[in-house]
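Let's walk through this model from its charged pairs to its strands and rings. Have the sequence and the 3D view open side by side.

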Amino acid sequence: MLRELNIQLLDGSRQTLRLTGQRVCLGRAADNDLAYPDDPVLSRRHMVVDFDGSDYFVEDLRSKNGTTLNGVKLEERRKLQLGDRVVAGRATLVYDDAAAAEHTVVFVPEDDTIQGTVSTDLKQALGPDGAGLQAALGSPVFGGMSRMQALLDAGRELDGHRPLPELFETILELAVSSVGARRGVVMTLENGELTPRTARGDNFRMSSSVRDQVMRERRSLLIGDTSTDDALRGSMTILQQGVKSLIAVPLQTADAVIGLLYVDSPDLFRPFTADDLTLLTVMANIAAVRIESSLLAEERKANEKMAEDLRRAAEIQRNLLPHVAPLVHGLDIHGYSMPCRSVGGDYYDFIRMPGGKLGVIVGDVAGKGMPAALMMSSLQARVQMLAEEGGGVAALVSRLNRGVAANCPGNRFITFFMAIVTPETGNLEYCNAGHNPPWLVRAAGNVEALETGGPVLGILPQAPFLAGSATLEPGDALLLFSDGAPEARSADDEEFGDDRLLQELQTRAGSGAREIVQGMTEALERFMGTAAAVDDVTLVAVKRAV
């Protein structure tokens with residue numbers, strides 16, 4: 001028994017879930033099998049479809065807004081029947097036979113050239129000054145509706161703000177009713193493939209040559225009587241479907257063909273005519289323009305929502321980073337971080353440690369954007385939790401690495417540096433996990449790179465980490481940075497580089513921490529000019545007072 005759930009959302013998106021005896025839970029929470037976190041109507045765990053060994057059942061999980069089965073509120077666990085429609089929040093789930101659903105439309109190659117076909121295109125259908133269309137509209141009526149009325153109805157019905165699923169239904173209903181078709185299907189191009197969006201009837205078997213002429217040549221095709229054509233009379237495509245008359249027209253905008261409208265009929269008492277072909281060609285053009293407009297509107301709405309989500313995420317991320325550096329007697333501290341996108345994967349922090357010590361941290365999650373930002377926030381929480389446990393820096397980084405490795409995706413890793421500073425003495429214990437080595441610039445001008453540590457976090461859970469040590473003497477300056485600083489590029493694609501970064505640091509090492517960071521930031525901006533940032537940039541300076 002092959003069954004599936006065909007899921008349609010209010011925004012017109014669709015997905016299919018093959019049922020293989022598993023339990024399927026739907027709701028807002030991320031751990032649901034079908035998770036829709038942006039649907040405010042759903043409860044965290046809203047409903048479930050489960051299997052008892054022979055049948056599938058649907059059950060509402062005491063959701064706040066309820067679940068309906070075929071339009072009736074679901075009060076108890078109910079057995080699902082083929083074709084049942086379950087509505088939960090903004091999602092509609094149709095329980096169906098998977099084998100049948102897979103073959104809604106099959107394109108079948110024909111060995112012979114199809115003859116006896118009437119074809120036209122949009123220009124021919126309209127004719128000079130619309131004369132062709134006027135002639136078609138003046139032809140006899142079908143089913144009590146004139147073609148003029150059908151076209152006016154199409155313009156009125158499609159001139160609105162319907163959701164895409166409803167728009168597709170309306171287009172098909174107008175097409176089927178206006179020419180007296182028995183079946184029909186509307187398909188649009190999705191990732192280069194024709195995908196059914198709505199259908200009246202099922203298991204369509206369509207000639208691939210018909211499809212290709214419609215899509216590639218922008219031709220509308222009519223076969224008024226399949227039995228009069230030598231190729232089609234023996235075609236399995238036609239015999240299996242009982243098709244006597246068919247029309248296929250492109251959903252064509254000014255710039256492209258975005259889909260296909262197909263109708264057919266087993267009735268030879270009233271076969272489709274050339275005027276029907278003209279009407280559907282023009283109607284499909286109106287529909288295509290409306291579909292394109294709706295798609296653009298939905299895309300614009302989705303982009304606006306994404307931009308707003310990113311704005312909020314950026315605000316949250318800014319609040320995770322230190323607003324101001326801590327006031328520590330004997331130390332001058334300043335930090336700066338700028339993502340190359342709205343959010344990023346760079347992280348820096350200052351943590352008060354037991355015994356009055358201060359933890360100074362810089363991390364860099366591999367990648368950019370939202371995935372890196374999510375890992376960054378998780379990293380921050382882990383570091384702060386582990387810091388409360390105390391202990392040496394190498395042991396802390398080892399515990400951090402095990403935690404990151406257990407939860408880090410296979411294609412992600414984190415470079416990390418942590419120093420624990422004793423303000424009174426300037427003693428500095430550090431561990432470098434694959435990060436750009438910070439520079440310790442002595443008051444005399446010589447430079448030390450802090451390299452001791454181990455590999456990046458998240459790859460080898462049992463990797464050993466060593467602690468290094470140094471002393472921050474009065475007048476010394478320590479600079480921690482992410483790779484976005486030396487890898488910044490100019491408009492001529494020249495890299496800023498470690499040497500230039502170190503030179504800028506040495507030039508400003510006698511200044512305060514804020515002046516060091518601000519000066520180096522300005523130097524990077526001057527170097528980049530009009531070039532866009534390619535990576536997040538983080539700079540942290542620690543200066544010991546003289």
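A salt bridge here is a side-chain nitrogen of Lys or Arg within 4 Å of a carboxyl oxygen of Asp or Glu. By that rule, the count comes to 18 salt bridges. Before going further, keep in mind that this is a predicted model, where local features need pLDDT of at least 70, side-chain atom pairs count only at pLDDT 80 or more, and totals for chains, interfaces and linings use all residues. Residues are numbered from 1 along each chain as its sequence is written, and side-chain values use heavy atoms, with hydrogens and water left out.

Here are three of the salt bridges.

| Pair | Closest N to O |
|---|---|
| Glu173 and Arg200 | 2.3 Å |
| Asp212 and Arg216 | 3.9 Å |
| Arg399 and Glu389 | 3.3 Å |

For the elements, helices (H or I, at least four residues) and strands (E, at least two) are DSSP runs, numbered from the N terminus. As for the pair Glu173 and Arg200, Glu173 lies in helix H5 (residues 164–179) and Arg200 in strand E15 (residues 193–200), so the pair ties together parts that are 27 residues apart in sequence. For accessibility, buried means under 20% relative accessible area, exposed over 50%, and partly exposed in between (1.4 Å probe, protein chains only). Glu173 is partly exposed at 39%, and Arg200 is partly exposed too, at 34%.

Asp212 and Arg216 sit 4 residues apart in helix H6 (residues 208–217), separated by about one helical turn. Arg216 is exposed, with a relative accessible area of 67%. Salt bridges also link Arg211, Asp212 and Arg216 into a network.

Now for the strands. Is strand E30 (residues 537–544) enclosed or open? 8 of its 8 residues are buried, so E30 is largely enclosed by the rest of the structure. Both faces are covered, with Val537, Leu539, Ala541 and Lys543 on one side and Thr538, Val540, Val542 and Arg544 on the other. Two strands pair if DSSP finds at least two bridges between them. Strand E20 (residues 331–338) runs antiparallel to E30, joined by 8 bridges, and Leu331 stands opposite Arg544. Strand E29 (residues 477–481) is also antiparallel to E30, over 5 bridges, with Ala477 partnering Lys543.

On to the rings. Rings of Phe, Tyr and Trp (its six-membered ring) pair if their centres lie within 6.5 Å; planes under 30 degrees apart count as stacked, over 60 as edge-to-face and the rest as tilted. That gives 6 aromatic pairs. One of them is the tilted pair of Trp439 and Phe481, 4.8 Å centre to centre with 40° between the planes. Trp439 is in strand E25 (residues 439–441) and Phe481 in strand E29, 42 residues apart, and both are buried. Phe496 and Phe527 form an edge-to-face pair, at 5.1 Å and 80°. Phe496 and Phe527 are both buried as well.

Phe496 has a charged partner too: the charged end of Arg500 sits over its ring, 5.5 Å from the centre. That label needs NZ of Lys or CZ of Arg within 6 Å of the ring centre and within 35 degrees of the ring normal. Arg77 likewise lies over the face of Phe57, at 4.1 Å from the ring centre.
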